[in-house]
Amino acid sequence: MQLDHDPACKVAFPVIDLHGGRALLSDNSQRRSQVASEIVAAGKEFGFFQVVSHGVGDDAVQAFRAAAAAFFALPAEEKQPYCSYDMSKRFRLATSTSYDGGETRYWRDYVKFSCYPASDDNIRSWPSKPAEFAPRLVEYCEAVQELAQTLLGLVAEGLGLDSGFFAGEHSSGDTNMSINYYPPCPDPAVTMGLPAHCDRYLLTLLTQADVAGLQARYGGRWLLVCPVPGAFVVNFGHQMEFITNGLLACVEHRAVTNSSTVRMSVATHVQPTDGCLIKPAPELVDEATHPAKYREFLFSEFLEAYDAADASREDALEPFKTHHD
Ligand SMILES: O=C(O)CCC(=O)C(=O)O
Ligand SMILES: [Fe+2]
């Protein structure tokens, strides 16, 4: 198993300056349209990019990451009540670390939960310890949600759609968070952190602080998404690929482990409402030149197919293709 990225590869994922995020961008329409085209160009070429000067305060990022790390550091008996493999649980802690000696081994503990909005149901499901977890989560998610909407507006404009195109049902399902915790691993050469997959949602915003480990597919190989101080890594989920008729593809990615340092990634997944009708945007379809590659379906239908596809990008897309391409 070859886990390392190719050090001879000189390609790097683009780093895009958002000039302070929503407020600053809205004051300058020329700058806004330039950033929108940079985002769409990066999305078409790579499906992965990083944003800096994005308007989410470093304090909010650091404070939430510290609270999340403190959760993982709790004694096992305090975390035990959250431990579950029942996917319907609103907040659950699980591990994919196995000692069974199977072919590929994984080395990751994680929590998955609904992080936004701060509805009563969501708040009730969050851990009460450490005490800073819930308040720091609310702060972090409000800021990240605003950044997500800014990015979605820019993506829409860059594609020639109305800037509010993604603002309604496409992005107003409860936002999901995965906090992935990778302890130092005795043998990274034979152990993956997280298997290759595409995100099932619309848009993912991820922080990985300064520990490398995330790799994404580019040109048939795995390319490291190098940590950039203060940056959010942005990538598109399957829904963006459907809605843009394949223009902004979801790209496979995975995480590798290392033997010396704990790595923690915080992935925020913006998603449609369950009942949202997903279909290629009519503005991006032309029966003669760009026929619709995907049929219409409800987002809930996709979620079932995704689980059945077991992390295979092609198997997840297949039931929704029109076979025009
Ligand atoms: O740990 C990472 O950097 C990858 C996380 C990820 O891809 C996910 O949670 O969907
Ligand atoms: Fe992912």
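What takes up the space of the largest pocket? In this predicted model, that space is taken by ligand 1, so let's start there and work outwards.

Around ligand 1 there are 14 residues, and the nearest of them are Asn 180, Tyr 182, His 253, Arg 263 and Ser 265. Several of these put polar side-chain atoms next to the ligand's oxygens. Tyr 182 has a polar side-chain atom 2.6 Å from an oxygen atom of ligand 1. For Arg 263, a side-chain N or O atom is 2.8 Å from a ligand oxygen, and for Asn 180 the corresponding distance is 3.1 Å. As for how much of the ligand is covered, the protein hides 96% of the 300 Å² of accessible area that ligand 1 has on its own.

What kinds of residues make up this shell? Sorted by class, it has 6 nonpolar, 6 polar and 2 charged residues. Strands supply a good part of the surroundings: S6 (175-182), S7 (191-197), S12 (253-256) and S13 (263-270) each give at least two residues to the shell. The top contributor is S13, with 4 residues.

Now follow S7 and S12 away from the ligand. Both belong to an open sheet of 5 strands, which runs in the order S4-S7-S12-S9-S10 and has mixed pairing. Which strands stand at the edges? They are S4 (105-106) and S10 (221-224); each has a single partner strand, so one side of each is left without a neighbour in the sheet. In general terms, strands of a sheet pair through backbone hydrogen bonds, and they can do so in a parallel or an antiparallel way.

Within this sheet, S9 (residues 214-218) is a handy strand to trace, with S12 on one side and S10 on the other. Towards S12, the pairing is antiparallel and spans 3 bridges. Here Ala 216 has His 253 of S12 as its bridge partner, and that brings us back to the ligand, since His 253 is one of the residues that come nearest to ligand 1.

Towards S10, S9 again pairs in the antiparallel sense, this time over 4 bridges. Arg 217 has Trp 222 of S10 as its bridge partner, while Tyr 218 stands opposite Arg 221 in S10. How many residues separate the two strands of this hairpin? There are 2 residues between S9 and S10, and Gly 219 in the turn has a positive phi of about 55°.

Conventions: Residues are numbered from 1 along each chain as its sequence is written. Chains are lettered from A and ligands numbered from 1 in the order in which they are written. This is a predicted model: local features need pLDDT of at least 70, side-chain atom pairs count only at pLDDT 80 or more; totals for chains, interfaces and linings use all residues. Side-chain values use heavy atoms; hydrogens and water are left out. A residue is near a molecule or strand if one of its heavy atoms lies within 4 Å of it. A polar contact is a pair of N or O atoms within 3.5 Å; within protein, one must be able to donate a hydrogen and the other to accept it, and residues adjacent in sequence count only if both atoms are side-chain atoms. Accessible areas come from the Shrake-Rupley method with a 1.4 Å probe; for residues, only the protein chains shown count as cover. On a 1 Å grid over the protein atoms alone, a cavity is a set of points where a 1.4 Å probe fits but cannot get out, and a pocket is an open set with protein on both sides within 12 Å along at least five of seven lines; lining residues have an atom within 4 Å of a point. A molecule sits in a cavity or pocket if more than half of its atoms lie within 2 Å of its grid points. Ala, Val, Leu, Ile, Met, Phe, Trp, Tyr, Cys and Pro count as nonpolar, Asp, Glu, Lys and Arg as charged, and the others, Gly among them, as polar. Two strands pair if DSSP finds at least two bridges between them.
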